[in-house]
Amino acid sequence: MCGIIGYTGTEDVKEVLLNALELLEYRGYDSAGIAVKEDAQTKIYKCAGRVKDLRLICESEKFLSGCGIGHTRWATHGGVTGTNAHPHRVGNVTLVHNGIIENYRELAAHYELEEQLKSETDSEVVAALLNRYYEGQPNETIKEVVTKLKGTYALVILFDDQPGVIYSVRNVSPIVATICDEGAMLASDLTALCRFTNRYFVVPENYILKLEKTKLTLTDFAGREVEPEFLTVDWELNSAGKNGYPFYMEKEIMEQPDAITRTIESRITGGLPDFSAEGIPDSLFTDCERITIVACGTAMHAGLVAQALVKSILHMHIEVEMASEFMYSDPVIDKKTLVIAVSQSGETIDTLEALKYAKRRGAKCLSIINVKGSSIARESDYVLYTDAGPEIAVASTKAYTTQLAVFYLLVAKMAFSRGIFGTEDTQSFVRELQRTPDAIKKVLEKRREIHVLAGRVLDAKDLFMIGRGLDHSILLEGSLKLKEVSYIHSEAYASGELKHGPIALITQNTPVVAAVTQEKLMAKEISNIKEVKSRGADVVVFIKGAIAESLQGEYPSFVLPDMRDEYMVMPASVALQLLAYYVSSDKGFDVDKPRNLAKVVTVE
Ligand code: M6R
C-alpha cells in the first residue's frame, strides 16, 4: 500500500512529483507529502488529506533543483495526521516508506531514538536510525540499517549532503525504476512511470539503487555493481489517464471489450488455446490431480467462476482459498496440486505468501497477473498475464473480466489436453469466448437502462443479491462491488439457501437484485424471486435474453445478451459493475477512492 515516487532530472520537480502522486493515489489516500532538495536544504510539504490538498499547500513554491521524493499514505502505524504523513526527516536524512517495520519500538528503545521522533510511525524510526549511522557513506549506512529491520519496506532516501541524488532499498514492498530523457525516477508501481517511458526494471530485494539525473546505479550489499534487468510494458504512455471519463472506474468498465480481446487473441492458434509463448508445457495440465486457486477479493471471485467451470467440464477436484486464510487452514497441497494464484497487482501480500507456502509444499504454481514483473509473477513457475492495462480505480473491473477470460482459455486447454474436449468442442468453446467482447459491448450500449435501475437501490441501507450456481458466483462479486463503492450493506446469497435463514431479513421494500442467466436453473431461480417478492421485496432482475419472457414483465429488469450459459458471467458481471458505479456516482461519492481502502494490499 502507499504510493512512492522519486525523481531527479530536468523537469519541474514539483509537477513531476504531484502528477505522479495523483496517479499513485489509488494505493493510499489518507495523506500526502513531498520533499524537494534545494542544494543543502530539504524542503518538506505534507498534510492529512488528498494530493489536491497537498497541491494547495505548495502552490506558490518554485524549486530550482530537479530532485525530490513523494508519498501517498494508507495509514498503518499512527493515525491520519499531518505529522504522521511522509516524508519523515530526522537530522540529515529524509525518507518515505512503504511497508511495516515490525520491530520499530524495539529499535527506538534500543538506540534511544525516542526523543528525536515527532510522529507515531514506524517509518520515522528508520530515518532516525539512518541519521544515527550516517557518516557520508550512503550505501554503507543503508546496508548497516536495513540489516537491523524486521518487516517489509520500500525506502526512498535523501541525504542532505548528496544534492540531486536519491537512494532506495527494498524488501518485499515493490519499487520499479527507470531512466529516460527527462531524468531518473522510481515509483512503487508503473503507473507513475509509464507517462515517461515503457522501459523499467524491478529493483531487486536487498540491492541499493542510486538515482542521479543522468545515471542510475544498482549495487549489491557486497558493493558490486549490477546491470538492471529492464522490461518493457506494452501499456500506452497515456493509458493511466481518465480519457475524458469522470472516474477511472467508468473508463475501465468501458475498456473491457478491448482488454478481453487483447488478453485472448494472442493465445488462440487455429481456434485452440495456445500458451506456447508463455512456455507452459501440456504436462502442467495433464499431470496434476487437483487444483487450488489462491486469491483475494475480486480475484478470488474470478476463481469461484473457474471452480464451477472446472467441476462441470473437467470433473476435477478444485478448491478456491482466500489467500489470507490459506496457510492457516492446513491445505491439502502436494506435488500433484496445480496452484493458481490470481492477482491484478501481483503484489497482494496474502496471495504472495500463499504462493510461497504452496511452492514449499512442492506444488506447481501458475499465476494470472496484470502487472508485469510483479512479485507474484516473479515467484511463480509460469505466468499468464492479463492484458487489461493499468487498473487505477480501487474497485476492480477490467482485471476481473480479463482474469475470467484467461480462466476460460485455461479450462479449454485443460479439457483439450486431458482428452475431455475434442478439437471441435474446444474450438466451439473458444469461439464463444471470442464473442464475449461483443456481448459486453451490447451491455455497455444499454448502460442508461442500468443507470435507471440504480435509482431503485440508491437509498437502500441493506440490499440482497440472489441467484444459483454461476449466478451466485457473479453476485458475490457484484455485491462486493456495490459495498465498496456505494457503502450500501449488500449480501449475496445462493437463492436456495434463503429459506434456511436469510429470508427473515426480507421485509417491505427490501431491495433485492436477482440474476437469472442459467437456463437449467431458471425455474428454481424464478420461484425464489417470487418467494422474496411475496414478502414485500423490491426486486430488480438481470436476466438472459432467451429466457426473459418467463418473467412476464413482472419485475424491473435488464435483459442481457445471449451467450452459452457458462459465458453469461461476462455480460452479467459488467452489468453489475455498472449498477455499483451508478449508485456510487449518483450518491456523489469519490468512486475511485472508496473510504478505508487501497488498491494494492501489501500488509497482512
Ligand atoms: O491486486 P489483487 O487482484 O491481488 O487484489 C485483490 C483484492 O484486494 C482486490 O480485488 C479488491 O478486492 C478490490 N478492491 C475489489 O474491487
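Are Tyr408 and Phe429 buried or exposed? Both are buried, where buried means under 20% relative accessible area, exposed over 50%, and partly exposed in between (1.4 Å probe, protein chains only).

This is a predicted model: local features need pLDDT of at least 70, side-chain atom pairs count only at pLDDT 80 or more, and totals for chains, interfaces and linings use all residues. Residues are numbered from 1 along each chain as its sequence is written, and side-chain values use heavy atoms, with hydrogens and water left out.

**The open sheet**

Helices (H or I, at least four residues) and strands (E, at least two) are DSSP runs, numbered from the N terminus. Two strands pair if DSSP finds at least two bridges between them. An open sheet of 8 strands follows the order β3-β2-β4-β1-β10-β9-β11-β15, with antiparallel pairing. At its edges stand β3 (41-48) and β15 (231-232); each has a single partner strand, so one side of each lacks a neighbour in the sheet.

Strand β1 (residues 3-9) runs antiparallel to β10 (residues 183-187), joined by 5 bridges. Tyr7 stands opposite Met185 in β10. Helix α1 (residues 13-24) lies across β1, β2 (31-38) and β4 (67-73), at about 155° to β1. Axes here are lines fitted to C-alpha atoms, for helices over the stretch in contact; angles run from 0 to 180 degrees between N-to-C directions.

**Strand β6 and its partners**

Strand β6 (residues 93-101) has 9 of its 9 residues buried, so the rest of the structure largely encloses it. The table lists two of its pairings.

| Pair | Sense | Bridges | Bridge partners |
|---|---|---|---|
| β5 (residues 88-90) and β6 | antiparallel | 3 bridges | His88 and Leu95 in β6 |
| β6 and β7 (residues 151-159) | antiparallel | 9 bridges | Ile101 and Gly151 in β7 |

β5 and β6 form a hairpin with 2 residues between them. Gly91, in the turn, has a positive phi of about 60°.

**Aromatic pairs**

Rings of Phe, Tyr and Trp (its six-membered ring) pair if their centres lie within 6.5 Å; planes under 30 degrees apart count as stacked, over 60 as edge-to-face and the rest as tilted. The whole structure holds 16 aromatic pairs. One of them joins Tyr134 and Phe159: the ring centres are 4.3 Å apart and the planes at 20°, so the pair is stacked. It links distant parts of the chain, 25 residues apart. Tyr134 sits in the loop between α4 (123-133) and α5 (138-146), and Phe159 in strand β7. Tyr134 and Phe159 are buried.

Tyr408 and Phe429 form a tilted pair, with 6.2 Å centre to centre and 50° between the planes. Tyr408 lies in helix α13 (residues 398-417) and Phe429 in helix α14 (residues 423-445), so the pair ties together parts 21 residues apart in sequence. Tyr408, Phe421, Phe429 and Tyr567 form one aromatic cluster.

**Charges over rings**

A charge sits over a ring if NZ of Lys or CZ of Arg is within 6 Å of the ring centre and within 35 degrees of the ring normal. Lys446 lies over the face of Phe558, 4.5 Å from the ring centre. Arg595 lies over the face of Tyr487, at 3.9 Å.

**Helices α13 and α18**

α13 packs against helix α18 (residues 569-586) at an angle of about 170°, with the axes 11 Å apart. The two are therefore roughly antiparallel, a term for angles over 145 degrees. Contact means heavy atoms within 4.5 Å. Tyr400, Thr401, Leu404, Ala405 and Tyr408 in α13 meet Val569, Met570, Ser573, Val574 and Gln577 in α18.

Methods: Parallel < 35°, antiparallel > 145°, perpendicular 65-115°, else oblique.
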